[in-house]
Amino acid sequence: MRETIAIALKDLRLLLRDKAGFFFVFFFPLLIAIFFGTVFVDEGGPTNRLKVFVIDEDGTSASRSFVERLMAAPELEARSASRQEASNRVRRGEATAYIVVLKGFAEGNSFAGNPPAVELGVDPSRKAEQAMLEGTLIKYASEKLSELFSDTDKSLSSLKLSREQVLKNSNIPAAERAELDRFLGDLSGVLARAPQRANETGEEGGAFQPLKIRNADVQTHWEGPRRSYDITFPQGVMWGVLGCAAAFGISLVVERTRGTLVRLRMAPIRRGQILAGKALACFITMVTLSIVLLGFGRLVFGVRPDSLLKLALALIAVGICFVGIMMLLSVLGRTEQAAAGIGWSAISVMAMVGGGMLPLFFMPKWLQAISHFSPVKWGILAIEGAIWRGFSYTELLLPCAVLVAIGIVSFAAGERAFKWFE
Amino acid sequence: MLRISNLYKAFGDVRAVDGLSLEIQKGEIFGLLGPNGAGKTTTVNIAVGLLKPDAGSVEILDHGSPENPATRRVLGIAPQALALYDELTGEENVAFFGRMAGLRGVRLREQVKSALRFVDLYDRRADRVSTYSGGMKRRLNLAVAMVHEPELLLLDEPTVGVDPQSRNAILEKVAALRDLGRTVIYTTHYMEEAQRLCDRVGIIDRGRLLALDTVDGLLSEHGSRKVLIAETPAGEIRVPTDRPLEELNRLQAESRLLSFRLERPDLESVFLKLTGRRLRD
């Protein structure tokens with residue numbers, strides 16, 4: 001055991017003295033995590049908000065109220081601007097769209113055939129987001145309507161005004177006018193009787209409600225990623241672990257090509273002790289870099305694990321898996337150049353397929369299916385499970401078991417091939 | 001100290017070692033002399049348990065087979081390729097391999113110091129190996145091999161690629177090992193080194209041991225005759241002879257001698273006689 005520890009310490013010392021290797025193992029993953037976390041940053045979460053400009057040309061209390069709703073909308077990053085400035089900035093691609101609340105907005109009446117109107121100018125290159133934006137505008141316009149109907153007096157007064165406007169509107173055919181007048185009259189009757197009915201039954205909500213929605217407090221069970229760094233830091237850890245596996249795998253090839261392995265093999269120790277020393281150094285480095293990276297994420301970006309114990313289990317499983325993969329990488333090439341080339345290619349594919357480069361939910365379904373074969377996918381799942389997915393121990397068992405199994409099989413295969421190389 | 005019996009080893013169609021048998025006595029410096037590719041390194045690798053022979057056996061007397069890790073504790077090897085960690089210091093390299101050989105604590109520190117002093121690298125102990133010259137690395141290679149005071153040292157071409165000054169320093173260190181009572185197997189393709197250092201020399205070619213004796217024994221058995229070379233006004237005269245003094249008197253009586261010298265046979269001529277080829281062909 002002392003020889004194994006001595007080999008591990010020697011490898012750690014060599015890693016610390018190799019400035020480029022140290023950078024790629026410890027700092028590169030951190031930079032990746034911070035960079036992508038910042039790219040996707042959003043105070044409310046990782047979802048992108050649509051950047052829009054809002055112009056209020058009506059200047060009434062109704063239009064101001066609507067603009068305020070849009071400004072506060074979590075789906076939008078809305079700012080005020082003049083029509084000219086907004087139009088120019090959308091044209092230059094600095095915003096997705098501009099919304100003009102047109103003059104006469106307050107006088108618009110949905111029941112009288114002249115609803116409140118807005119003008120929407122969308123960047124032609126971002127047409128895909130137009131439907132989403134229209135849906136958002138209708139949502140906030142409906143809120144106004146819903147608010148109106150939740151106040152019985154306001155509703156009755158509005159309906160009365162609507163009936164008058166309908167009867168005066170000669171653009172509406174006479175038969176349709178009569179139908180609308182009857183409908184609005186019946187609706188007024190229903191609303192007028194609502195408070196009395198509420199008193200009799202004891203139920204609240206006498207006012208008109210298009211849909212009653214009860215909000216469930218899901219957050220106590222599953223909060224989801226609290227911020228983009230919750231996603232990018234596990235990815236950063238995986239990049240660090242992959243870099244570590246490659247670095248130690250190549251270092252074993254270097255030992256072979258430079259003759260130090262021969263000297264070690266001539267020492268009064270067994271082959272297993274040599275490989276165990278290498279594996280121990282690799283494991284210690286992987287766990288250390290994970291702790292450093294996640295500790296940095298915790299201190300600076302508030303990346304907070306749900307459970308430290310679950311996180312420890314996930315990191316140990318990840319370590320075991322990639323120590324095995326390191327062993328396999330070390331026998332992929334006879335020379336340092338061949339091992340490095342083949343190793344990094346294999347790692348890139350693993351990372352690409354496993355969600356190490358892009359989150360899996362951005363990928364097509366078929367690629368998500370293939371990702372089951374990548375240890376990177378299971379590694380990220382295990383770490384995310386402990387950080388924000390709210391995994392129970394039972395749920396964490398699957399990714400951890402898969403990781404440990406991959407590690408054991410890879411190490412055994414690598415050790416066998418290593419003997420053959422000798 | 002070491003007994004090699006009827007050893008065979010082939011790599012594909014190439015027979016690297018072909019029925020080699022020899023016995024190394026305790027306290028001697030034994031030279032294994034042969035050209036590149038003769039099978040010297042393969043023999044050494046089998047002797048330290050790194051390679052398994054196809055047939056035959058190796059036995060370290062009183063310790064058994066070198067395939068057993070415990071037996072390897074009495075062996076030290078300086079491989080032909082410099083087996084050192086460039087990013088570690090000289091001291092860290094020696095200490096690391098000392099630990100691998102089972103040294104610990106005070107003994108380790110003392111042995112490291114002693115080994116570094118022996119090869120004159122103590123003053124450079126804190127420098128990284130990457131800053132060492134080729135000769136210094138060779139000496140460090142030797143220090144690593146002997147840090148645990150092995151009973152048997154195998155030095156595989158320890159002077160390859162070094163300048164004459166460093167080479168001389170290494171040869172002096174190896175000669176000093178004899179004074180320390182160490183048993184050394186020294187492989188080389190430089191016949192001058194074998195002639196200068198070794199108590200006995202085995203001449204090996206194509207995996208076979210062609211001759212084994214003391215240097216004098218090999219020269220008298222297989223070496224060519226001495227050659228008396230005389231310079232006269234008529235030109236150079238070369239006379240092979242076993243009695244150079246008598247021959248010199250005869251030449252002096254026959255003509256005026258401007259100068260003369262005696263060329264003694266060497267192991268090169270022994271190898272030439274045994275194989276029909278020169279050592280460096």
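Contact here means heavy atoms within 4.5 Å. By that criterion, Ser188(A) touches Leu156(A) and Leu159(A), with residues up to four places away in sequence not counted. The model is predicted. Chain A has 15 helices and four strands, while chain B has nine helices and 12 strands.

**Chain totals**

- Chain A has 422 residues, of which 45% count as buried.
- Chain B has 281 residues, and 52% of them count as buried.
- In chain A, 75% of the contacts between residues at least 6 apart in sequence join residues at least 24 apart.
- The corresponding share for chain B is 66%.

**Ser188(A) and its surroundings**

- Ser188(A) sits in helix H7 of chain A, which covers residues 174-201.
- Its relative accessibility is 15%, so Ser188(A) counts as buried, the cut-off being under 20%.
- Ser157(A) is 31 residues away from Ser188(A) in sequence, and their C-alpha atoms are 9.1 Å apart.

**Helix H1 of chain A**

- Helix H1 of chain A runs over residues 2-17, and its 16 residues should span 22 Å at 1.5 Å a residue; the end C-alpha atoms are 22 Å apart, so the two values agree.
- Buried residues of H1(A) include the nonpolar Ala6(A), Ile7(A), Ala8(A), Leu12(A), Leu14(A) and Leu15(A).
- The charged residues Glu3(A), Lys10(A) and Asp11(A) are also among the buried residues of H1(A), as is Thr4(A).

**Nonpolar cores**

- In soluble globular proteins, nonpolar side chains tend to be buried together.
- The largest nonpolar core holds 65 residues, and Val94(B), Leu155(B), Val201(B) and Leu267(B) have the most contacts inside it.
- Helix H4 of chain B (residues 134-146) supplies the largest share of this core, seven residues.
- Apart from this core lies another, of 56 residues, including Ala245(A), Phe248(A), Met286(A) and Phe322(A).
- Beyond four places in sequence, Val201(B) touches Leu267(B), and among its other partners are Phe30(B), Leu33(B), Ala194(B), Leu212(B), Val215(B) and Leu218(B).
- The partners of Val201(B) also include Gly31(B), Ala211(B) and Asp213(B).

**Packing of H8(A) against H11(A)**

- Helix H8 (residues 228-258) and helix H11 (residues 308-329) of chain A have axes that come within 8 Å and cross at roughly 35°.
- The crossing of H8(A) and H11(A) is right-handed.
- On the H8(A) side the contact includes Val237(A), Met238(A), Val241(A), Leu242(A), Ala245(A), Phe248(A) and Leu252(A).
- H11(A) contributes Leu315(A), Val318(A), Phe322(A), Met326(A), Met327(A) and Leu329(A).
- By class, the residues of this contact are 14 nonpolar, one polar and no charged; the polar one is Gly249(A) of H8(A).

**Thr183(B)**

- Thr183(B) belongs to strand E7 of chain B, residues 183-188.
- Thr183(B) counts as buried because its relative accessibility is 1%.
- Leaving out neighbours within four places in sequence, Thr183(B) is in contact with Met1(B), with Ile24(B), Gln25(B), Lys26(B), Gly27(B) and Glu28(B), and with Glu151(B), Leu152(B) and Leu153(B).

**Positive phi in residues other than glycine**

- Asn6(B), in strand E1 of chain B (residues 2-11), has a positive phi of about 50° although it is not a glycine.
- At 43% relative accessibility, Asn6(B) counts as partly exposed.
- Arg206(B) likewise has a positive phi, near 50°, and lies in the loop between strand E8 (200-205) and strand E9 (208-213) of chain B.
- Arg206(B) counts as exposed because its relative accessibility is 57%, the cut-off being over 50%.

Notes:
Residues numbered from 1 in each chain as written. Chains lettered and ligands numbered in written order. Predicted model: local features only at pLDDT ≥ 70, side-chain atom pairs only at ≥ 80, totals over all residues. Heavy atoms only, no water. Helix = DSSP H or I, 4+ residues; strand = E, 2+ residues; numbered from the N terminus. Expected span 1.5 Å × (residues − 1). Buried < 20%, exposed > 50% of the residue type's maximum accessible area, 1.4 Å probe, protein only. Core = buried A, V, L, I, M, F, W, Y, C linked by side-chain atoms within 4.5 Å. Axes fitted to C-alpha atoms, helices over the stretch in contact; angles between N-to-C directions. Left-handed = near helix turned anticlockwise from the far one by under 90°.
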